[in-house]
Each structure stands twice: as structure tokens, then as C-alpha cells.
Amino acid sequence: PPRAAAHGASARATARARASAAMKFKARLLDGGLHALHAHFLPALSKVDKECVVYLTPTKMVLTQNYFKMDAVRVTASLGARVVFAEYKVKSLERDRIAFPADVTLLQRALQSIKRIFNYEVGDVYVKLTRKAPPGHDRGGDGGGAGQQGPQGQNQPGGARGPVPRASGGIPYLSFVARRPPDDRTGQPGRVLITQDVPVGEPLPPVDLTTLDDGAKTARVRTYLALPRHFARVAAMVDRLRALSPCVALGVSRDGRLFVRGAGGELGASVGAEFTQLSVLGVREPYDDDLDGDGTQSRTEGPAARMRRLAVEGKLDRAVVDQKHLAQALCCQLTAPARTIVGVAGQSQYMVVGCQYDDETVAYGERQDALGGATFAPDVHLEFKLPIRMDETDDLV
């Protein structure tokens with residue numbers, strides 16, 4: 001009956017409002033964390049999509065992209081709370097987990113404004129999840145539009161005018177506040193330098209949190225190849241194929257060879273390259289120094305033939321991916337990784353491009369950095385999952 005349906009909808013709305021009211025997040029950014037987000041991770045994510053999901057847990061902050069889309073590069077940037085924040089508190093009814101969509105460009109602009117202020121000021125950056133009335137609303141709005149500056153340099157994002165939803169109590173924002181601490185030596189009091197309010201989406205329901213947790217898991221990868229620190233040649237080959245083929249065929253061999261060639265188009269399949277003697281992680285085979293199947297030296301065997309032979313012998317994982325997707329994944333170099341690895345996950349489910357970081361990496365090399373060591377940071381990683389073109393893969397052999 002209509003009355004029962006209305007009652008059920010009202011109960012669900014009340015439950016959502018109660019869960020939303022219980023969500024609390026506030027933190028103080030490390031200088032290194034601010035630098036890593038502004039100069040490295042957000043620029044890399046902006047190359048993939050303009051939107052992301054900010055996923056906060058008791059131990060880490062995760063930036064994800066495209067986990068609710070089928071044919072797109074899925075991105076997971078996971079940063080331990082100790083790496084990014086000097087102080088960190090998150091609370092919710094869902095095991096202290098909160099996730100909400102955000103605009104990557106708006107986050108970049110907010111942090112850029114703060115970095116600009118810090119060119120001639122010294123201070124701390126605080127961030128919290130809050131709700132406010134839309135600009136221009138009679139319950140506290142000041143009539144400001146997008147980008148207008150309020151008192152003390154506060155940025156007032158634009159938003160839809162009209163009544164504030166009673167259940168939510170306003171529009172959710174991620175509020176960044178830069179404060180100058182009091183100076184005990186001179187007696188000068190502390191003050192707010194700038195406030196940047198970034199509008200974000202409504203928090204995701206519990207079922208979507210489960211989707212994010214499941215999506216972050218990687219299927220079994222038998223063999224990873226570690227690319228050189230400067231893999232400009234790989235990126236150059238992928239860029240060259242952009243005009244020749246819509247797809248790229250890749251082969252990851254267990255003896256340390258990475259094959260990259262076109263797949264499709266009139267000329268794409270005839271263009272490619274082979275990168276040899278790469279470090280192998282996982283299942284490996286001895287490097288055969290271009291030996292053919294009979295154990296005799298084969299000087300005439302080209303990369304394409306070698307790729308097919310290794311695939312037939314079961315010594316190579318192969319995949320065909322969209323050229324645009326691969327170019328997006330290679331933008332991971334904007335995050336200054338210590339090592340980049342590639343592999344094919346599961347039974348050709350997707351291709352993985354992953355990044356690992358030194359504890360003393362450039363991305364976290366500023367003052368007040370929590371990291372310090374010569375090993376890979378265990379709580380910082382970036383991963384791209386590229387969908388495989390199943391209809392093209394069979395053409396590789």
C-alpha cells in the first residue's frame with residue numbers, strides 16, 4: 001500500500017541520516033603528505049578520470065577510480081595514514097569506514113591554493129568532512145558563487161540553490177583549513193590563513209564499501225616484470241602505436257622479456273618492440289639468450305615470432321589492452337615510484353601495472369616526513385587494472 005511504501009522510504013531515509021550524522025573525519029596533514037597528494041598522486045589520477053572515490057579506513061586513505069564502471073582503467077592508490085597525516089581520526093557505523101565521491105580537479109585546486117600560501121607563510125593544514133548550507137541559502141549562506149572569497153580567504157564553492165535536505169543537514173564538503181600556529185617567541189597569535197571547501201558527494205552505502213574492498217584485491221599474477229626506473233622507451237613505443245593501432249598486444253615472459261606491439265589496424269601488428277633482461281618476480285624461467293625450441297641459436301627470429309613461440313611453450317602471459325588505457329597507466333610515473341611492475345592477472349582477467357615506493361622516495365622527501373628507510377614502503381602502493389580485449393587476445397598466437 002502507498003502508506004506502507006512511504007513509511008518504508010521514510011525509515012530508510014532516517015537510517016541514512018543517522019549513519020551520515022555518525023560519520024566523523026578530521027586530520028592534520030604532514031608536509032610530505034600534502035606534497036605527495038598535490039604534486040604526485042592527484043596529477044596521476046587526473047590523467048585517468050576527473051572523478052575519484054575517497055575511501056577512509058582506520059589505517060589508510062585510498063583513492064579509487066572506475067570501480068563502478070566496466071570498461072575502464074580501475075585505479076587504487078593506497079596511502080597509509082601515518083604517511084599522509086600527523087593526526088588522523090575517522091569514525092562511522094560501518095567499522096569506521098567512510099567513502100565518498102570527489103572531483104580530482106577541485107581537490108588539486110584546493111591544495112594548490114594552500115601550497116601558494118605556504119610560499120610565504122608557515123602553517124599546518126587541517127582537513128575534515130563537514131556539512132554546510134548551499135551558498136546563497138537563507139540558513140547561513142552568504143550569497144557567494146563558485147570561487148568567491150569569503151572572510152579570511154574562505155573559498156565558497158558554488159552549488160544548487162534551494163532548501164537544504166533535512167535528513168542530511170546540508171551539502172557535504174571536504175574542508176581544508178591552513179592555520180598559522182601561535183608564535184610563543186613574539187607572542188603573535190595563530191590565525192587561519194585560508195579555507196578551501198571542496199564539495200563532495202554523499203557518502204557511499206555499505207554495499208559499495210564491500211565492492212571497493214573486493215575490487216582492491218588482485219587476482220593471482222604468476223609473473224611480474226619490473227620495468228627500469230626510466231622506461232621512456234616503453235612509453236615512447238606505446239605513444240607511437242597511438243596513430244597505428246587502437247589496441248596494444250603485450251607479452252610478459254618468465255625469462256624477463258616484455259613484448260609490446262600493435263594489435264589491429266593495417267600497420268599496427270607490424271610495429272613493436274622487445275625489452276629484455278628485466279627483473280622477474282614470481283614464476284620464472286632461465287633466460288634463453290634467443291635460443292629456439294631445438295636449442296640452436298636463432299639470429300633470424302624476430303620479436304613477434306619469439307612472442308608466439310614463448311606463448312605456445314607456456315612461458316609467456318599475453319594480453320591485448322586498449323592503447324589509451326595503457327597510456328593512462330603509464331602516467332603512474334608522475335608519482336615517482338621506486339619500481340614499476342607489470343603482469344597479467346588470473347586467467348587473462350586484466351593486466352596489472354603496479355608501483356612500489358622507497359621509504360625515502362622523492363614523493364615524500366619533504367620535512368616532517370614519517371618515512372625513513374631503504375626498503376619499499378609497505379603501506380604505499382598504486383595499482384592500475386586494465387581490462388583485456390578478449391576478442392583480440394587469440395590473434396597473438
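A charge sits over a ring if NZ of Lys or CZ of Arg is within 6 Å of the ring centre and within 35 degrees of the ring normal. With that in hand I looked up Tyr126, and Arg179 lies over its face, at 4.9 Å from the ring centre.

A note to self on the ground rules: this is a predicted model, where local features need pLDDT of at least 70, side-chain atom pairs count only at pLDDT 80 or more, and totals for chains, interfaces and linings use all residues. Residues are numbered from 1 along each chain as its sequence is written, and side-chain values use heavy atoms, with hydrogens and water left out.

**Aromatic pairs**

I went to the rings next. Rings of Phe, Tyr and Trp (its six-membered ring) pair if their centres lie within 6.5 Å; planes under 30 degrees apart count as stacked, over 60 as edge-to-face and the rest as tilted. By this rule I get four aromatic pairs. One of them is Phe25 with Phe85, which is edge-to-face because the planes stand at 75°, with the centres 6.3 Å apart. The two rings come from distant parts of the chain, 60 residues apart: Phe25 in strand S1 (residues 24-29) and Phe85 in strand S5 (residues 85-91). Here helices (H or I, at least four residues) and strands (E, at least two) are DSSP runs, numbered from the N terminus.

Are these two buried or exposed? I take buried as under 20% relative accessible area, exposed as over 50% and partly exposed as in between (1.4 Å probe, protein chains only). Phe25 is buried at 5%, and Phe85 is buried at 6%.

I then checked Phe41 and Tyr357, a tilted pair at 5.7 Å centre to centre and 50° between the planes. This pair spans 316 residues, from helix H2 (residues 31-46) to strand S19 (residues 350-358). Phe41 is buried at 0%, and Tyr357 is buried at 0%.

Back at Phe25, I saw that it forms one aromatic cluster with Phe85 and Tyr88.

**Cores**

A nonpolar core is a set of buried Ala, Val, Leu, Ile, Met, Phe, Trp, Tyr and Cys residues joined through side-chain atoms within 4.5 Å. The largest has 81 residues, and Phe25, Phe85, Phe176, Leu258 and Phe384 have the most contacts inside it. A second, separate core of nine residues includes Cys247 and Phe259.

**Positive phi**

Which loop holds Asn66? I found it between strand S3 (60-65) and strand S4 (74-80). Its phi is near 65°, positive in a residue other than glycine, and Asn66 is buried at 11%. Gln277 also has a positive phi, about 55°, but Gln277 is exposed at 61%.
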